[in-house]
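Thank you all for making the time this morning. I would like to walk you through one model, going from the chain as a whole to a few individual loop residues, and I will put it on the screen now.

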Amino acid sequence: MASVKVGDTIPEGTFQYVPYTPDLENATSLSTNEWKGKKVVLFSVPGAFTPTCHVNHLPPYLQKYDEFKAKGVDVIAVVAANDPFVMSGWGRVEGLKDKILSLSDANAQWNSKLGLTLDLTDKGFGIRTARYALIIDDLVIKYFGPEPGPGVTASGADAVLAAL
């Protein structure tokens with residue numbers, strides 16, 4: 001059950017990611033503190049390359065990138081519990097380049113602070129990040145779109161654009 005709501009300040013956290021370059025680089029870290037004073041769209045998926053995430057969730061964010069930027073979004077990021085190299089590989093396959101950050105929340109540590117984890121141990125996937133989207137403005141949650149079940153609605157690009 002989610003422990004965050006609109007109006008809350010996001011918890012401090014650090015993600016691992018591989019910045020986009022033509023050559024694969026080492027992973028680096030990004031602190032949520034870097035989002036101070038910025039408008040951020042963060043959407044969370046249970047796993048890179050998984051069917052719904054790979055086909056229905058991520059691609060519309062990339063397709064509508066210019067619309068997000070036109071609405072004043074400084075950063076668009078996708079987060080999952082996969083390691084940073086898997087997230088980088090997914091970003092490369094999808095053609096994200098430097099438009100959308102592919103963040104690794106190892107062991108869903110940051111998502112645990114939000115109460116937004118998904119236990120897929122029975123499927124052999126362990127603890128994952130839940131599917132949701134946030135609009136964060138100066139570290140404060142302005143929109144929270146958790147998914148009540150399978151599929152992409154409240155956390156999809158269209159729903160988030162409508163809320164901006």
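Let me begin with the cut-off that the word "exposed" depends on: a residue is called exposed when its relative accessible area is over 50%, and buried when that area is under 20%. Please also keep in mind throughout that what you see is a predicted model.

With that cut-off in hand, take Asn-107, which sits in the loop between S5 and helix H4 (109-114). Its relative accessible area is 60%, so Asn-107 is exposed. The backbone deserves a look here as well, since the phi of Asn-107 is near 60°, a positive value in a residue other than glycine. As background, most residues other than glycine have a negative phi.

A second residue with this backbone feature is Leu-139, in the loop between S8 and S9, which is not a glycine and yet has a positive phi of about 75°. Is Leu-139 buried or exposed? With a relative accessible area of 13%, Leu-139 is buried.

Leu-139 also leads us to Thr-32, because the two are in contact, within 4.5 Å between heavy atoms. Thr-32 lies in the loop between strand S2 (28-31) and S3, and its relative accessible area is 1%, so this loop residue is buried. Leaving aside neighbours within four places in sequence, the contacts of Thr-32 are Ile-10, Pro-11, Glu-12, Gly-13, Phe-15, Trp-110 and Leu-139.

Pro-11, from that list, comes up again with Val-140, a residue of strand S9 (residues 140-146). The C-alpha atoms of Val-140 and Pro-11 are separated by 9.6 Å, although their positions lie 129 residues apart along the chain. With neighbours within four places again set aside, Val-140 is in contact with Gly-7, Asp-8, Thr-9 and Ile-135.

Let me now step back to the chain as a whole. The secondary structure of the protein chain comes to 5 helices and 9 strands, and along the sequence they follow the pattern β-β-β-α-α-β-α-β-α-β-β-β-β-α. The radius of gyration is 14 Å, close to the 15 Å that the globule rule gives for 164 residues, so the chain is as compact as a globular protein of that length. Along the principal axes, the C-alpha atoms fill a box of roughly 40 × 35 × 30 Å. Buried residues account for 47% of the 164 residues, and, among contacts between residues at least 6 apart in sequence, 64% join residues at least 24 apart.

What, then, is inside? The largest nonpolar core has 23 residues, of which Phe-43, Tyr-61, Phe-68, Ile-76, Val-78, Ile-100 and Val-160 touch the most other members. The elements that give two or more residues to this core are strand S3 (39-44), helix H1 (51-63), helix H2 (65-70), strand S4 (75-80), H3, strand S8 (132-137) and helix H5 (157-163). Tyr-61 illustrates how these parts meet: beyond its neighbours within four places in sequence, its contacts include Val-41, Phe-43, Phe-68, Ile-76, Ile-100, Ala-133 and Val-160. There is also a second, separate core of 22 residues, which includes Ala-77, Leu-103, Tyr-132 and Ile-141.

Finally, I turn to a pocket. The second largest pocket has a volume of about 180 Å³, and of the 15 residues that line it, the closest to its centre are Val-18, Pro-19, Tyr-20, Lys-97 and Ile-100. Helix H3 (84-94) and strand S5 (101-104) are the elements that give two or more residues to the lining, with H3 giving the most, at 4 residues. By character, the lining divides into 8 nonpolar, 4 polar and 3 charged residues.

Lys-97, one of those closest to the centre, is found in the loop between H3 and S5 and counts as exposed at 52% relative accessibility. Apart from neighbours within four places in sequence, Lys-97 is in contact with Tyr-20 and Gly-91, and its C-alpha atom is separated by 8.6 Å from that of Pro-19, 78 residues away along the chain. Asp-98 is found in the loop between H3 and S5 and, at 62% relative accessibility, counts as exposed. From C-alpha to C-alpha, Asp-98 and Thr-21 are 8.4 Å apart in space while being 77 residues apart in sequence.

I will stop there and take your questions.

Terms used. Residues numbered from 1 in each chain as written. Predicted model: local features only at pLDDT ≥ 70, side-chain atom pairs only at ≥ 80, totals over all residues. Heavy atoms only, no water. 1 Å grid on protein atoms, 1.4 Å probe; cavity = no way out; pocket = protein on both sides within 12 Å on 5 of 7 lines; lining within 4 Å. Points joined across faces, edges and corners; volume = space filled by probe spheres on them. Nonpolar A, V, L, I, M, F, W, Y, C, P; charged D, E, K, R; others polar. Core = buried A, V, L, I, M, F, W, Y, C linked by side-chain atoms within 4.5 Å. Buried < 20%, exposed > 50% of the residue type's maximum accessible area, 1.4 Å probe, protein only. Rg over C-alpha atoms; globule rule 2.2 N^0.38 Å.
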